[in-house]
Amino acid sequence: MPTCRRKRVVLKEPSAELLKAVKSDPNRQVFYLHTTGEIFETYESVEYAARMSFYRLRQFQCEVTGKSGLDYFQALDSERQEALTLHSRFPEPLKSAVLKAVQWQVVGRLDHLVEAVYDRFKDRYFKGEFVIVDLAGTKFQARVERVYPPKYSDANARDSFQETALNALEAEKPHSIGGDLKISLQESVDQDGPHNYYYWVKLLELEKDKGHEKGKGKASVDKPDGKLVGSLVEVQSAMMSRDRLAFSKSILRRFIRDCVDRDAAVASPWTVKPILAARYGVDSVMPEETRKGVEDIKKGEIDKRKKAWEDKEGPPSKKQKKMTAAQEEKAKAAAAAAEKKERDARDKAEKQRLAKEEAERLAAEKKKKKPIRYPTEDLDVRLTDKDKKAGVRLQRPVANRAILPFNEVSGVFEAFLMAWNFLVVYGQPLHLSVFTLDEFEQAIRHSISDLPCALLAEVHSTLVYNLRTVPFVRHSLLLSLLKHKEDQEQAELEDEMPYGVSMDTLTAGMADVGNNWERVPLRFSEGREGWEEAVVGCLKDHANLTNFPQIRSILTKLLFAPEHDDDSGSAASGSRSTSPSSTILKVPASPRERYYCLSPEERVFILSFMCNLAISSKAIHTHMESCEEQLTALRKEKIEVNRLKKQHLEEMNNLMGEAKEEPSTSNGTGEDVTMQDLSDLSDISEARPKSLGHSKEREAARAKQASIKQAMAEHRRLDEEVLKLDRRLEGIERDFRKLLGGVRVKPLGRDRFYNRIWWFDGMGAASLVGSGGMAQYGTGRIFIQGASEFDLDLLSQREEDNLDERRLEEEGEDGTLKSNEWAVYSDVEEVDDFLAWLNPKGQRELALKNTITRWLPHIAAGMKKRIMDLTSNAKNTDTRRSARTKAAGVDLSREPYMLWTNRKAINAS
């Protein structure tokens, strides 16, 4: 029976209701499990389906072979197969004798029962058994034909035995006394010793030596001993044995375990299974004498346990008889002995407890001292005193948060960075040329309406074109505003009226603006004239107060202006400081005039909203699918290039080995030639043969030199091919990064505190290397983002108590980032210090360090190029950022962001 968690699986019995239904409703529909024979009333999860799900779990074990990880049906099938194999191997004539011997035996452990049976039957054989007979060192396979009990010890009696008396011989049942386990082994040997039996066996064939080859085994038939095959010989048990595959302790144990069973009660006897008892003639009814013996054994066992329990608990209180002086002395001595014994037991238990605690302490210390296999979890790695003395950097270099653009308001910088990354990565489907993050920042800050910024016009126009293909709800913003107004009226709340403009005034002002945004041309040759109104129309149909909470205040500033020009000028120059409550807008105005009065944060909100919508456009999805296909092609090409590189390197190694062998051979030949030229002992008659030998050697030397030159030339050619393949692999890596950025943007990795490290250069339409090998950059910086809320939960679940202290020690007070907070490294030295801080013993930081090291040449080149571009301008960064009007004496038209041109633009007609 298969086991589950070392317990036999008990089959479910039919319910009482089903048993009644057999008589009352025999045609009732039930669910029958054929393999187990179980019957269920319903298919619900609590009956048939639940039982089948339980049987399908891979948690069962074959009781015979011990195989685990099986479902119930596999375990049952395994047991059946093993049972068939076992019963086919076990000697058939021996089965009945063994089962009769074990029937009604009261033995605690199965192993003890197997030992007893094996000792009784290992030298006892039965008619029809196949045995191995040893005749003077030659082994034969034989079959037992007759078994003569000890009373036929006289050879003449056996020889004169008539064939007609065979039935009387078989009726004597040999080994009837020796196989009885009720008597001891010695008694069975004395009364029915196996050495007193004689066996007539028929020699079937020579025993083949399994260690020899087949040919040698065949040759042994021709020996003189082979003539005995087919004859009938008389042997005793000392000359006989069984095949170990048919009879051994392990085989016998499996056979008995498969054929017998036992109740769980105390001193229960082993019983043969009824179906096997009927087959092999084993008595299934316990004899009265045996029953009394079993009951006596069971009673003795129960009394023994009861006595042990009473000795432990103490005898029951009874009225004590008055004892004599001698009895009192004896009782005192017994009590003292018992007390001493109890005290010794307590001392022994205390010593054992102390020894156990000491062993556990030593095991815990050993476990602590167990060497850690690196890389491991980063937070489990701590710098030792040895590392600190060696100069390992303890604190991470502080990343700058102050120089991040628009970082004063939470979430604005992240939205700004996301919008720039989207516009650069998908520059190809958007038909937008690449621009740097610095140029994008300066364009966002541009606030002079008289000097239009082409970068702003192109970015908004291409997003408007793209959003025309995205499904939208006509007048969705108007519907959202009206619903918001109704909700306020129902709640009896006053309107906030940002910038003094009511809801009705705003809806009336936006009614006639940007209605034809889907058809407006926005031609490149005309400077994308009208893009501001198109943006307002796009927002009217795509935005609402739910997906764009700032839309009302932004549209109010786009559609209304202050009453006086002075107010307008102040709003334009100080757009950052204005708020809906401090400025009153009354005069309707054009979005073309009012866009430059928006604050940089509001412009970022507009672009971020439009980029989020554009991701779902058909053009972006088509581009993503194209990137996936190109990535697959690049992966295949990389495999092929690596294969060619490996092949060329192997050829180069072979050529180098040949080149090293040939000079050694040519040097030996040269020495021989020199010895012959300097020899003064040769005769004049030998001069001609020597000259002929010299010419052959010179020809051979020239041929070897030519082969060496050819090999070196081939080596140089292969070296050039390997260099070309290396350059191609570098190009594949760059192309892979570009295409992968079009599918998903992933960080370089995470540090020990789960801070994410970002590098956005070289993705999508951007490139790391320009024409002529010139370095290019998009951001020219490394960004660090604080751990997410999920990662912070992982940190809080650690059992480390001083985690905050450790972060303060290793990140610094100024370097610790909150969730989703950003900072930046903008210098190569800062990146080098950050790499020195990363500990390669941690899994995350090892992967991060390897990734940064692989891209470090491009990261460093981009940073240096950015610094050079910033310093090469006529004025510093602070001057450019603070410039807002021409009155400042600065020609903004010469700024890099104003000189940017969209070379990928397509004119719309």
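Student: Is Cys-538 buried or exposed, and what is its relative accessible area?

Tutor: In this predicted model, Cys-538 has a relative accessible area of 1%, so it counts as buried, because buried means under 20%. Cys-259 also counts as buried, again at 1% relative accessibility.

Student: How many disulfides does a search of the whole structure find?

Tutor: Zero disulfides turn up when the whole structure is searched.

Student: Let's zoom out. How many residues does the chain have, and what percentage count as buried?

Tutor: The chain has 909 residues, and 38% of them count as buried. It contains 33 helices and 18 strands. About 53800 Å² is exposed by the chain, with carbon and sulfur atoms supplying 52% of that area. For contacts between residues at least 6 apart in sequence, 75% join residues at least 24 apart.

Student: How should I read the largest nonpolar core, and which residues touch the most other members?

Tutor: The general idea first: in soluble globular proteins, nonpolar side chains tend to be buried together. Here the largest nonpolar core holds 81 residues, and those touching the most other members are Phe-422, Leu-423, Phe-435, Leu-463, Met-610 and Phe-783. Helix 15, residues 412-425, gives the largest share of this core, with 11 residues.

Student: Take Leu-463. Which residues is it in contact with, leaving aside neighbours within four places in sequence?

Tutor: With those neighbours set aside, Leu-463 contacts Phe-422 and Leu-423, and also Leu-607, Met-610, Cys-611 and Ala-614.

Student: Now a helix. Which residues of helix 2 are buried?

Tutor: An α-helix has 3.6 residues a turn, so residues three or four places apart point the same way. In helix 2, which spans residues 48-56, the buried residues are Tyr-48, Ala-49, Arg-51, Met-52 and Tyr-55. They lie on the same side of helix 2, because they cover an arc of only 165° around the axis.

Student: What do the buried residues of helix 2 pack against?

Tutor: Their packing partners are strand 3 (31-33), strand 4 (38-40), strand 5 (60-61) and helix 3 (72-89).

Student: Strand 5 makes me curious about sheets. What is the order of the open sheet of three strands?

Tutor: Strands of a sheet pair through backbone hydrogen bonds, either parallel or antiparallel. This open sheet has the order 2-1-5, and its pairing is antiparallel. Strand 2 (7-8) and strand 5 are at the edges, each with a single partner strand, so each has one side without a neighbour in the sheet. Strand 1, residues 3-4, is joined to strand 5 by two bridges, and Cys-4 has Phe-60 as its bridge partner in strand 5.

Student: Where do the buried residues of strand 17 sit?

Tutor: They sit on both faces of strand 17, residues 782-785: Ile-782 and Ile-784 are buried on one side, and Phe-783 and Gln-785 on the other.

Student: How many bridges join strand 16 to strand 17, and how many join strand 17 to strand 18?

Tutor: Three antiparallel bridges link strand 16 (residues 756-758) with strand 17, where Trp-758 stands opposite Phe-783. Four join strand 17 to strand 18 (residues 822-825), also running antiparallel, and Ile-784 has Ala-823 as its bridge partner in strand 18.

Student: What covers the buried residues of helix 30?

Tutor: The buried residues of helix 30 (residues 828-837) are Val-828, Val-831, Phe-834, Leu-835 and Trp-837. Their cover includes strand 16, strand 17 and strand 18, along with helix 29 (803-811) and helix 31 (843-872).

Key
Residues are numbered from 1 along each chain as its sequence is written. This is a predicted model: local features need pLDDT of at least 70, side-chain atom pairs count only at pLDDT 80 or more; totals for chains, interfaces and linings use all residues. Side-chain values use heavy atoms; hydrogens and water are left out. A nonpolar core is a set of buried Ala, Val, Leu, Ile, Met, Phe, Trp, Tyr and Cys residues joined through side-chain atoms within 4.5 Å. Buried means under 20% relative accessible area, exposed over 50%, partly exposed in between (1.4 Å probe, protein chains only). Contact means heavy atoms within 4.5 Å. Accessible areas come from the Shrake-Rupley method with a 1.4 Å probe; for residues, only the protein chains shown count as cover. The arc is that of the directions from the helix axis to the C-beta atoms. Two strands pair if DSSP finds at least two bridges between them. A disulfide is a pair of cysteine sulfur atoms within 2.5 Å.
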